[in-house]
Every structure is written in C-alpha cells, then in structure tokens.
Amino acid sequence: RIIKMGSNIEKYKWEDIIKTGEKISLSPLKCFYMNLALQKSGQLPDKMFHYDQIGVQGLVIDDPQDYTSSYMLSDLFFQLGLMNECIHYAYNSMVGHTYYKEIAVQTVKRLLSCAILKQDDLLIKKYDQYLSNTLFYRNWKKKNETDIRKIQPIEMRDLLVQGDFSYILEGVLKKNPLHQMAFEYLMAYYLLERDYENAKTSYDRYFSNFNYPSIPVHYAEFLVLYKHLKEEDDHFYDRYPISREIREQFEMMDVLISAPITKQIQKVLEDRYQNTYWLYVKFPLVNISTPQKNEKTIY
C-alpha cells in the first residue's frame with residue numbers, strides 16, 4: 001500500500017493516496033505521503049491533524065538511508081519545484097537501486113521530468129530515448145508533459161549544503177512569496193515542532209499573500225493557543241478574526257486539561273478534540289528533541 005501511494009503521486013491521485021493511507025498503520029512513510037497528498041489536494045491547513053502526526057519526521061524524510069526514501073524525498077522536492085534537490089535525491093535513489101542490476105524506470109521518469117522543467121535538451125533526449133526503448137513507457141513523455149509543466153521550477157543552488165528543511169522553505173518563500181505549498185509546509189513544520197514564535201512570524205509574513213476564504217482551522221487553533229500563552233487581550237481577535245465557536249472550544253478544553261485526567265475527561269477530549277492541533281500539542285505521539293537554533297527549548 002505504501003508503494004501504491006507512491007505510484008499515485010505520479011498520477012496526481014491525491015484523494016486515492018489519502019484513502020489508501022487511512023487503511024494502514026502509522027509510520028513515517030505513511031505520514032509523509034498523507035501530508036503531501038493533503039497539501040496538494042488543498043486540505044493540509046484544515047485537516048492535517050485529523051490524522052496521527054509524529055512530528056516533522058512525517059513531513060520530510062531526514063537523511064534518507066535507502067533508495068526508496070531517497071526517491072520519496074525527490075517526490076517532495078519535485079512538487080516544491082526545487083529541481084536541483086530533486087535530481088540529487090533521484091540520483092541517490094538510482095545508485096541505491098543498482099543491486100537490481102538495472103536502472104529503475106521511475107527514476108528515469110523523474111530525471112526526464114526535471115530535464116523538461118530545466119529545459120535541458122540534451123538530458124531530455126537522453127532520458128526520453130531510454131524510455132522509448134521500453135515496451136510500456138515509449139510514449140511516456142508525450143502523455144505526461146502537460147502535467148509536468150504545471151510545476152513551477154525554482155533555482156536555488158545553495159540549498160543542498162545549507163541547514164534544515166525550514167531553512168529551505170524560508171529560502172523558497174524569500175525567492176517567491178506566493179509559493180503556497182512552501183508556506184503551508186513551513187507552517188506545518190513549525191506547528192509540528194511547536195515552535196510558536198516562528199509559526200506566528202511566518203503566518204504574519206506570508207498568510208495575506210494567499211486567497212484563503214477564511215483562516216484555516218489549524219491556523220486558527222494555533223492562533224488561539226498563541227493568544228492564550230502570550231496572555232493577549234481580546235483585541236488580538238481584531239487582527240485575527242477567529243470564529244467564536246473555535247474560541248469557545250479552546251476555553252472548554254483549557255478547563256478540561258487543567259483538571260486531573262479521568263477516564264470521563266479523556267473520553268470527552270477524544271470525542272471533541274481528537275482532530276485539533278491542541279490535542280497534538282498536549283499529547284504528542286513523539287517527543288521533540290531537536291534543539292532550536294538559539295539553543296533554548298520551546299517549552
């Protein structure tokens with residue numbers, strides 16, 4: 001089923017990926033594909049925490065150790081439009097796949113896609129000729145070029161030797177402040193890390209660049225939590241118009257978790273709040289051990 005989810009990325013079948021993910025147990029690979037599919041189908045800011053999250057390990061694969069995870073990481077960078085990074089991990093995947101004594105066709109397709117977006121005629125000819133010699137993929141370029149060109153390529157030559165994933169996303173947004181996928185992944189990264197200050201900074205800096213009809217649910221939940229932690233007064237809501245329903249939900253949850261957690265309270269929390277960012281913050285599935293750049297904890 002994990003392989004099926006990966007295969008459906010090439011076919012842009014985002015809802016199928018989500019449906020498949022709902023049938024399998026929790027793992028970093030499942031989280032990775034689910035979050036990518038949620039973003040590409042426009043659901044990440046509203047439904048990310050409807051599914052179990054294990055921190056940023058389920059958002060981006062850190063230091064992939066095998067050809068499968070390297071290829072999966074190339075999936076993410078391809079969708080972000082970062083062609084150099086995508087090619088890097090696709091080649092890593094190709095090298096790791098050589099024990100099969102042949103080149104994986106999916107890697108050739110990925111490299112051809114990157115060559116098309118980089119407008120590299122020599123590489124286009126090379127990879128297309130390779131596929132043309134196969135039975136099932138001889139017309140692959142002709143059938144898929146329209147979908148491939150929907151990706152907006154971004155050239156950022158220094159990213160492979162720099163910092164973590166949040167640094168990469170910040171770099172993308174500085175180059176293109178209208179890159180919605182980069183914004184939503186950056187917000188997801190900071191929310192999963194419970195890095196409230198950077199999440200708030202990113203929200204204030206970029207949110208108005210996009211045509212959201214209202215503040216997405218998980219962003220609203222985060223902002224209510226931020227107001228509570230910073231002890232802001234209600235004028236906070238003049239700048240961040242959040243529905244009274246969400247505000248009242250948080251107030252009720254704050255009362256519940258302030259009391260000893262009995263079985264009855266636990267059931268209320270699970271029934272009413274299992275799909276909220278607040279429950280992830282209070283009861284994460286994994287502990288966060290990554291130190292912040294200023295070496296202070298986030299708690």
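Let me start with a single residue: C86 is buried, with a relative accessible area of 0%. Please keep in mind throughout that what we have on the screen is a predicted model. Its partner in this first part of the talk is C114, which is likewise buried, and for which the relative accessible area is again 0%.

With two such cysteines in view, how many disulfides does a search of the whole structure find? The search finds 0. The reason, for this pair, lies in the distance: the closest cysteine sulfur to that of C86 is the one in C114, and because the two are 3.4 Å apart, they are too far from each other for a bond. A disulfide would need the sulfur atoms to be within 2.5 Å. Seen from the other side, the sulfur of C114 has that of C86 as its closest cysteine sulfur, at 3.4 Å.

C114 also brings us to helix α7, since C114 is listed among the buried residues of that helix. Helix α7 runs over residues 105–118, which makes 14 residues, and from its first C-alpha to its last it reaches 20 Å, close to the 20 Å expected at 1.5 Å a residue. Of those 14 residues, 11 are buried, and so α7 is largely enclosed by the rest of the structure. The buried set includes K109 and R110, as well as L111, L112 and I116. Just after the helix comes Q119, which takes a positive phi of about 55°.

Let me now turn to charged side chains. The whole structure holds 11 salt bridges by the search, and I will go through a few of them.

One is between D147 and K150, where the closest N and O atoms are 3.1 Å apart. Here D147 is partly exposed, at a relative accessible area of 27%, while K150, at 60% relative accessibility, counts as exposed.

Another joins the side chains of E170 and R205, with 3.9 Å from N to O. E170 belongs to helix α10 (residues 165–175) and R205 to helix α12 (residues 196–206), so this pair ties together parts that lie 35 residues apart in sequence. E170 is buried, its relative accessible area being 15%, whereas R205 counts as partly exposed at 45%.

In a further salt bridge, the side chains of D234 and K227 meet at 3.4 Å, N to O. Which of these two partners is buried, and which is exposed? K227 is the buried one, with a relative accessible area of 12%, and D234, at 52% relative accessibility, counts as exposed.

Beyond these pairs, there is also a network of salt bridges, which links K141, E145 and R149.

I would like to finish with L256, whose place is in helix α15, residues 244–258. L256 is buried, with a relative accessible area of 17%. If we leave aside its neighbours within four places in sequence, which residues is L256 in contact with? The contacts are I261, I265, V268, L269 and Y273. P177, by comparison, is 79 residues from L256 in sequence, and the two C-alpha atoms are 40 Å apart in space.

To go back over the route, then: we began at C86 and C114, whose sulfurs are 3.4 Å apart and too far for a bond, we followed α7, with 11 of its 14 residues buried, we looked at several of the 11 salt bridges, and we ended at L256 in helix α15.

Terms used: Residues are numbered from 1 along each chain as its sequence is written. This is a predicted model: local features need pLDDT of at least 70, side-chain atom pairs count only at pLDDT 80 or more; totals for chains, interfaces and linings use all residues. Side-chain values use heavy atoms; hydrogens and water are left out. Buried means under 20% relative accessible area, exposed over 50%, partly exposed in between (1.4 Å probe, protein chains only). Helices (H or I, at least four residues) and strands (E, at least two) are DSSP runs, numbered from the N terminus. The expected span of a helix is 1.5 Å times one less than its number of residues. A salt bridge is a side-chain nitrogen of Lys or Arg within 4 Å of a carboxyl oxygen of Asp or Glu. Contact means heavy atoms within 4.5 Å.
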